[in-house]
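Colleague: Could you take me closely through a single part of this model, one helix and what surrounds it, in enough detail that I can follow along on screen?

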Amino acid sequence: SLGILVWYAATSAFQMDAILALQTSGKIVSFILLLNMLFRPLRVIADKFNVLQMGMVAGERVMVLLDNPDVLENSPIAKDHRIQGEIEFERVSFSYLEGVPVLKEISFQVKKGKTLAIVGPTGSGKSSIISLINRLYQHQSGSIRIDGRPIEEFTLSSLRNGIAVVLQDVYLFSGSIFDNLTLRNPEIGMDRVEHAAQLIGIHDFIMKLPGGYSYQVMERGATLSMGQRQLLSFIRALLYDPAILILDEATSSVDSESEQLIQNAIEILTSGRTSIVIAHRLSTVQKADQILLLEKGRIVEKGTHQELINTGGRYARLIELQSHSKNPEVF
């Protein structure tokens, strides 16, 4: 449009006298300004159309998730039961895809208040066991019992209210530290939060932050170190006082400076409650009451740290490899 305007004005100027050309030049400048005023909102409309298309694509993804029929419902025999903490797997098999088993006849028992460590290479089925305990998936065969009851007899709410899971990737929301710890549960007050923080050993650090427990955390906890985020997740789990605590590789991404503080926090968390620890670090595994070594969905070794060392099997070789390696994670 601007090019056509300039061409028209230039060709017309030869046919005008000096006075008329001078008057026309003002109109040409006005047209140029008006063209900019016209096309600016058109460009904005085009940009909004792009944003709208991106929003429609994102909305479709959300709708696919909401419409996903693969959701477990409470079984007809399910009732609210308070979990005490005993866990038993009996010949449990599970697969995400039919014909591709992930767990193959897994059997173990964890007494109330005891700690079970699960080790093994990536893809051996460690995290799948955690998913089955929370009933995120339904196992195909075998039996999973909690406190002697089949897991299907628990309502999903009563089951998951009694289990706390601390993951490797800690997600913190944009908001205050207090809100991130309580998840805005009105039943949890400041006194309870401060007591839990003191037990974990991070209260003094929080009080040094601007605003203390009101300090605003950025999305995913970008302003905090990995170790600090992990300790906050421990407080979050402790506040809900679960009967069963699950640590899914919760120490694998922390630096050595924070490791001792986190190990102390783990001892406090696991004290008096049933714990399942998936870990790579020897310092976390060796204190467990029972250790399972998984390979390709099967339990290949079972026992205490010392018993497995004495047998000289796969676990003992991994420990020996770990002791000679600069990398503390070999499982």
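What follows is a request about one helix and a connected reply.

Colleague: Which residues of helix α8 are buried, and across which strands does α8 lie?

Modeller: Please keep in mind throughout that this is a predicted model. Helix α8 covers residues 226-239, and its 14 residues reach 20 Å from the first C-alpha to the last, which is close to the 20 Å expected at 1.5 Å a residue. The helix is mostly covered, with twelve of its 14 residues buried; these are G227, R229, Q230, L231, L232, S233, F234, I235, R236, A237, L238 and L239, where buried stands for under 20% relative accessible area. In general, an α-helix has 3.6 residues a turn, so residues three or four places apart point the same way. Just after the helix comes D241, whose phi is positive, near 45 degrees.

As for the packing, the largest nonpolar core has 43 residues, and those that touch the most other members are I177, L232, F234 and I235. Helix α8 gives the most to this core, with seven residues. From the side of I177, and leaving aside residues up to four places away in sequence, the contacts are I206, L209, G212, Y213, Y215, V217 and L232, so that L232 of the helix is one of the residues I177 touches. There is also a second, separate core of 29 residues, which includes I83, V92, F108 and I163.

Turning to the strands, α8 lies across β6 and β9, and runs at about 175 degrees to β6. Both strands belong to an open sheet of six, with mixed pairing and the order β6-β9-β10-β3-β11-β12. Because β6 (163-167) and β12 (298-303) stand at the edges with a single partner strand each, one side of each is left without a neighbour in the sheet. Neighbouring strands of this sheet are turned against each other by 15 degrees on average, direction ignored. Strand β9 (residues 244-248) pairs with β10 (residues 274-278) in the parallel sense over five bridges, and the bridge partner of D248 in β10 is I278.

Helix α3 offers a useful companion view: this helix lies across β3 (115-119), β6, β9, β10 and β11 (290-295), running at about 150 degrees to β10. Helix α3 (residues 126-133) is also mostly covered, with seven of its eight residues buried, among them I129, I130, L132 and I133, and R135, which follows the helix, has a positive phi near 55 degrees.

Terms used:
Residues numbered from 1 in each chain as written. Predicted model: local features only at pLDDT ≥ 70, side-chain atom pairs only at ≥ 80, totals over all residues. Heavy atoms only, no water. Buried < 20%, exposed > 50% of the residue type's maximum accessible area, 1.4 Å probe, protein only. Helix = DSSP H or I, 4+ residues; strand = E, 2+ residues; numbered from the N terminus. Core = buried A, V, L, I, M, F, W, Y, C linked by side-chain atoms within 4.5 Å. Contact = heavy atoms within 4.5 Å. Expected span 1.5 Å × (residues − 1). Pairing = 2+ DSSP bridges. Axes fitted to C-alpha atoms, helices over the stretch in contact; angles between N-to-C directions.
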